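Hi everyone, thanks for coming. I'd like to walk you through a structure that is new to most of us, so please have a look at the screen.

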Amino acid sequence: MSEIYLDSEMLQQLNSTVQLHFIEWLKAQHFDIRNPSHIVAQHLHDQSTIMTLITTISTCFILYVFYKLIIANPYNKFIKPVKFEIGIPVPIASNWKSKRVTSKSIKDPSNPNHIQCYCPATGQYIASFPSKTKTELDDMIQRAEIAQSKWSTSSMERRLRVLTSLREYILSNQEMIASIACRDSGKTKLDASMGEILVTLEKLQWLITHGPSVLKPSRRPGPTNFFMKWYKGAEIRYEPLGVVSAIVSWNYPFHNLWGPIIDSLFTGNAIVMKCSEQVVWSSEIFVQLLRECLIQCGEDPELIQLFYCLPPNLEEDSNEETANYFTSHKAFKSITFIGSQQVSHQILRCAAEAITPVVVELGGKDAFIVLDSVKDLQSISSIILRGTFQSSGQNCIGIERVIVSEKNYATLVEILSNRMNASPMRQGSDIDSIDDIDVGAMISDNRFDELELLVKDAVSKGARLLCGGSRFQHPKYPQGNYFQPTLLVDVTPDMKIAQNEVFGPILVMMRANDTEHCIKLANSAPFGLGGSVFGSNMQECNYVANELKTGNVAINDFATFYVCQLPFGGIHGSGYGKFGGEEGLLRLCNAKSVCFDTLPFISTQIPKPLDYPIKSNTKAWNFVKAFITASYTRSTWQFVKSLLSLGKESA
């Protein structure tokens, strides 16, 4: 909270509200507060006693709220957000009109070495941007380094002022932010609200609330050596790295861009972002927002740089290889990569030249496990549909496989089939239509052949296609990139779709014999990012969670480990390293180990037997041996003997 106002009238109103709720609760427990004799018989002595109890509880609650909002985070008391604005981009204005693109290539056919931006949902041209060069990158890094040299010593109050200002801006401009993300990625506004805005606000609020304590020096136990432990202190001090970088994917153009920037600013770093060439238009606007916020907060906007370029195979000069130059740049102290396995190999080769540490998040094949103990399959079906088709399935922690134990498999298949066929999901662009839309477009149509082949391969091996299965030409947006929401059941591990990341709107269902078989199927894919397990037996759910070979697991929920600001990342084919949460912040810091004297009258001295030139190797050896023995022996007698030997050899 940036500012808290609690006057006497508000406190009285809050107290009355809590009392009313508590009285209602007592009634629900069958306490008749209108009958004092009944209360005496049951629990209390008289009417005034229960009212005193209610008032006491209400007061404690108010004090708890006050503590959490004000005292627990002292920065909340005086950090006021700064207001800032930018103009509304033309392509999200109502009744916006633009030509349809003739080519869906990211390379602008009319402007060599330019990146073409168009709306995936409608096929409308948005803008064209020149692919940036090596020289421009060097200039960006130089400006970022200058800005970071000052920002590295910025106070926590300055950093939090930027974050609180960003938080307030998002809260006040949700529709504009969602519409920009929709225009550039083809998703629906609802998908943008949950997948872009909610998670970004949660990240900001978490950093504002918990970030300062994470970056405080971490006091450590220090040495166990008997002599040193009395006067030697030890701690870790977290310092900014310098200029860092992140190379992010297109599926969440707002959140994937802002996330690494927020972390880098909070840890005192500058950042050069490399956005996907698929979402350059929205990335330019979202970075403009961040830079404007810095300006209005009195900070240097050069802390944030945005870079983008054509892939090496599309550059005019095949020798330019700007993308490889970016990832091999020696100025970067850390790189975060969110993308595909294929691209990661090249990034890691380039980063190795500069010995730059890289966190790699490569997507997954997340399993959604439904155990026999599940009670409400109808509710489960809603979670499955949302987790599979949100953002048209283009979600690294989206549901890729629904693995159901024998007892519930047929029933859940029937429920999902009925829901998807009786009320087919409506596709389209909800920022261009008054119609209700369920599923938006995919970023590109370049994988439609692959998706259709995966479905055909599965069907040829025994899977049943109950809905969809192919591309969809929208009658209103024929140039849009739409693939039908698909339901494919009876999938087995030998089918290609069970082993390869779909990253599209295909719901895959697999039958398991029992809990152990569920675990085996879940671990059979060469990925390990996330997963979910549902059941009413918590002991069984925890057992499954422990057995899954993944970096993240949600129990009786879907993907909330990401919202909880836990460290996020995978294992196996899903990459390595973590971003997000405490670990994600500390990864962007130099963890400097510092030891010091805690007692001012004691300091380290070189004992005479060890001082150069050594007068007697025998005496020196005996002295060190006695020192080591006294420091670590568990025998009292050995300790006493060693102390006597130390005195003898010191003479």
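Let's start with an open sheet of six strands in this predicted model. The strand order is E7-E6-E5-E8-E9-E19, and the pairing is mixed. Which strands stand at the edges? They are E7, residues 304–307, and E19, residues 575–576. Each has a single partner strand, so one side of each is left without a neighbour in the sheet.

Now look at E5, residues 243–247, and E8, residues 335–338. These two run parallel, and three bridges join them. If you want one pair to find on screen, take Ala 246, whose bridge partner in E8 is Thr 336.

Next, the helices on this sheet. Helix H8, residues 255–266, packs on it and touches E5, E6 and E7. The direction of H8 makes about 165° with that of E6. Helix H4, residues 134–151, lies across E5, E6 and E7 too, and runs at about 165° to E7.

Let's step back to the whole protein. It comes to 20 helices and 20 strands. Of its 651 residues, 51% count as buried. Among contacts with a separation of 6 or more, 71% are between residues 24 or more positions apart. The protein exposes about 30,600 Å², with carbon and sulfur atoms supplying 55% of that.

Finally, how far can we trust the picture? The mean pLDDT is 91, and 89% of the residues reach 70 or more. Over residues 1–7, though, pLDDT stays under 50. Where pLDDT is low, please don't read the predicted coordinates in detail.

Note on methods:
Residues are numbered from 1 along each chain as its sequence is written. This is a predicted model: local features need pLDDT of at least 70, side-chain atom pairs count only at pLDDT 80 or more; totals for chains, interfaces and linings use all residues. Side-chain values use heavy atoms; hydrogens and water are left out. Helices (H or I, at least four residues) and strands (E, at least two) are DSSP runs, numbered from the N terminus. Buried means under 20% relative accessible area, exposed over 50%, partly exposed in between (1.4 Å probe, protein chains only). Contact means heavy atoms within 4.5 Å. Accessible areas come from the Shrake-Rupley method with a 1.4 Å probe; for residues, only the protein chains shown count as cover. pLDDT is the predictor's confidence in each residue, from 0 to 100. Two strands pair if DSSP finds at least two bridges between them. Axes are lines fitted to C-alpha atoms, for helices over the stretch in contact, and angles run from 0 to 180 degrees between N-to-C directions.
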